[in-house]
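Thanks, everyone. I have one model to go through, and I will keep to strands, helices and one interface. The structure goes up now.

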Amino acid sequence: MVLTLFDKAGAGVLKATDTFGDFAVLAGRTFAAIFKRPFDGKNLLFQFQSVGVNSIPVVVLTSLAVSMVFAVQLAFGFKQFQAEGLASQVEGLAIMRELAPVITGLMLSGRIGSAMAAELGTMQVTEQIDALECLATDPIHYLFVPRLLASMVMVPILTVVSIYVGFWGGYLILVGVEGQSAYVYGNEFYKLLAFRDLRIALYKAFVFGMIIALVGCWKGYRTKGGAEGVGNAPTSSVVTSSLWILISDFFLTKLLLV
Amino acid sequence: MAVIDVVNLSKAFGPKVVLSNVNLQVQEGESLVVLGGSGTGKTVLLRNIMGLLTPDSGHVAVEGKVIAQLSRDELFDVRQSIGMCFQMAALFDSMTVFENVAFGLRRHRRMTEAEVRARVEECLAMVGMKGTDQLKPAELSGGMKRRVGFARAIALKPKILLFDEPTTGLDPVMTDVIGRIILDLKHELGITSITITHDLKSAFEIADRIALIFRGECIACESPADFKVNPHPVIQQFLRGDADGPFLQDPPPPKRKTQEAPS
């Protein structure tokens with residue numbers, strides 16, 4: 001009984017180590033392949049569009065919704081203490097430091113991370129990745145690198161978009177509904193913020209971009225088992241990258257706020 | 001020296017031994033056809049030659065270079081001299097026919113766009129697919145996809161062509177078309193080739209030598225004439241296409257007597 005438990009625990013640890021090692025090796029190969037030739041500008045531009053431009057609507061809508069809900073909660077909460085003026089300050093702080101990078105990261109892990117896993121997974125089970133290998137093309141260089149670069153650049157840009165939209169989401173509620181002065185809101189929103197906060201948000205978004213692309217590509221590349229495997233790859237990619245985004249958010253916040 | 005040298009090649013997946021001590025040599029300009037039942041390791045043999053799989057023991061050498069010992073960059077250099085035609089074509093489905101055939105040229109050759117276009121048209125003409133360059137793979141039939149796959153494989157002017165079951169799932173007429181294309185490519189380009197097929201008619205047309213893989217082992221590798229008269233019971237059963245004999249591990253269902261037509 002005890003031996004069986006140890007056996008199972010050992011097998012679990014071995015499997016987890018194997019999985020993490022596989023991810024680490026593929027991630028390392030991806031970073032090493034960034035500077036390899038040939039440079040495929042067309043493919044990179046396509047990924048910029050797919051990851052960045054096509055994600056703007058979803059980022060705008062979610063940022064607007066979250067910032068509006070947050071403003072409603074803040075207005076209600078601070079009203080209990082007759083401190084309505086603080087709502088816009090806290091709104092600004094929360095959006096810049098946490099909500100914009102995390103909401104953008106989570107939404108993009110669902111939108112582009114899953115798409116990467118599904119696309120590469122389909123290519124894997126239909127032998128298209130083997131065909132790339134046979135055409136003397138490194139799949140890591142051709143498939144992973146443009147997606148990683150696009151995510152590392154576009155997730156921070158989309159985070160800035162999210163911050164901007166978040167400002168107007170808060171404005172709609174605090175100025176439009178709660179009747180605060182637009183001038184006061186505009187000043188108070190940035191009162192507790194420093195340039196460092198924008199830098200923290202961008203660092204976080206950069207790391208989240210890496211996580212989304214690497215996990216999405218890795219899950220797709222390791223797809224096995226036909227249609228069922230292709231179906232599981234995006235789900236697994238979204239769950240894994242969302243978890244890693246939330247865990248890394250905690251450590252990044254602790255690290256960057258020191 | 002053989003262009004492709006397969007030496008004591010063994011490969012297993014878990015407990016299932018797929019290839020066991022296979023030895024094959026293919027000389028320059030020679031066309032070898034590999035026959036065998038489904039799941040006997042023919043595709044695994046090709047994947048070992050391409051370096052997509054690593055042998056458990058033994059090795060594969062292409063033009064004297066042992067594939068499993070090459071670095072990634074050296075392996076890619078060798079792969080540029082080999083064209084691989086996949087069983088289901090494995091075309092890049094997000095690209096057009098033109099982009100599929102041009103893929104290798106754009107990545108590995110310093111050619112102008114006009115030169116790429118000319119070479120793609122030449123390759124598509126060789127396989128009878130001229131005028132389809134703007135179609136997507138989803139718009140092609142199975143036989144057309146295979147032919148575009150051939151065009152993509154020959155675009156880089158390889159010295160070796162590997163065909164993985166190029167006629168499986170096609171109607172008899174299209175099977176004959178594919179057989180003729182392989183024969184044309186062999187005569188026009190004079191390249192060394194290995195073809196895996198179940199189609200005996202095209203096998204005897206294409207082959208300089210025929211090998212048969214049975215339960216992971218290569219039990220014959222000889223000229224088509226010798227192969228036809230080889231007394232080995234497995235070969236004779238395979239040539240007859242009969243379910244009764246040593247070929248199948250599990251006994252086949254008994255043959256039903258055909259009902260006599262009422263007089």
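In strand β5 of chain B, the bridge partner of B:Ala61 is B:Val66. Strands here are DSSP runs of E of at least two residues, helices are runs of H or I of at least four, and both are numbered from the N terminus. B:Ala61 sits in strand β4(B), residues 57-62, and β4(B) and β5(B) pair in the antiparallel sense over two bridges. Two strands count as paired if DSSP finds at least two bridges between them.

Before going on, a word on the source. This is a predicted model, where local features need pLDDT of at least 70 and side-chain atom pairs count only at pLDDT 80 or more, while totals for chains, interfaces and linings use all residues. Residues are numbered from 1 along each chain as its sequence is written, and chains are lettered from A and ligands numbered from 1 in the order in which they are written.

Back to the sheet. β4(B) and β5(B) belong to an open sheet of four strands, in the order β2-β1-β4-β5, with antiparallel pairing. Its edge strands are β2(B), 16-26, and β5(B), 65-66, each of which pairs on one side only. At the other end from β5(B), β1(B), residues 4-13, and β2(B) form seven antiparallel bridges; the partner of B:Leu9 in β2(B) is B:Val22. Two residues separate the strands of this hairpin, and B:Gly14 has a positive phi near 65° there.

A second hairpin in chain B joins β9(B), residues 209-214, to β10(B), residues 217-222, antiparallel over five bridges. B:Ile210 is bridged to B:Glu222 in β10(B). Again there are two residues between the strands, and B:Arg215 takes a positive phi near 50°.

Now chain B as a whole. The count is nine helices and 10 strands. Its radius of gyration is 20 Å, close to the 18 Å from the globule rule for 263 residues, so chain B is as compact as a globular protein of that length. That radius is taken over C-alpha atoms, and the rule is 2.2 Å times the number of residues to the power 0.38. Of the 263 residues, 41% are buried, where buried means 20 or more other C-beta atoms within 10 Å of the residue's own, with C-beta atoms placed from the backbone.

Which elements of chain B give two or more residues to the side that touches chain A? In total, 14 residues of chain B are in contact with 11 of chain A, contact meaning C-beta atoms, placed from the backbone, within 7 Å. The elements are α2(B), 72-79, and α3(B), 97-108, and α3(B) gives the most, with four residues.

Last, two helices of chain A. Helix α4(A), residues 86-125, has 40 residues and should span 58 Å at 1.5 Å a residue; its end C-alpha atoms are 55 Å apart, which agrees. The expected span is 1.5 Å times one less than the number of residues. α4(A) has a kink of about 55° centred on A:Ile95, the bend being the angle between axes fitted to the seven residues ending at a residue and the seven starting there. Of its 40 residues, 30 are buried, so α4(A) is largely enclosed by the rest of the structure.

Helix α6(A), residues 139-177, reaches 53 Å from first C-alpha to last, close to the expected 57 Å. Its kink, about 30°, lies at A:Val145, shortly before the proline A:Pro146. Just after α6(A), A:Gly179 takes a positive phi of about 80°.

Technical notes
A residue is buried if 20 or more other C-beta atoms lie within 10 Å of its own, exposed if 12 or fewer, and partly exposed in between; C-beta atoms are placed from the backbone. Two residues are in contact if their C-beta atoms, placed from the backbone, lie within 7 Å.
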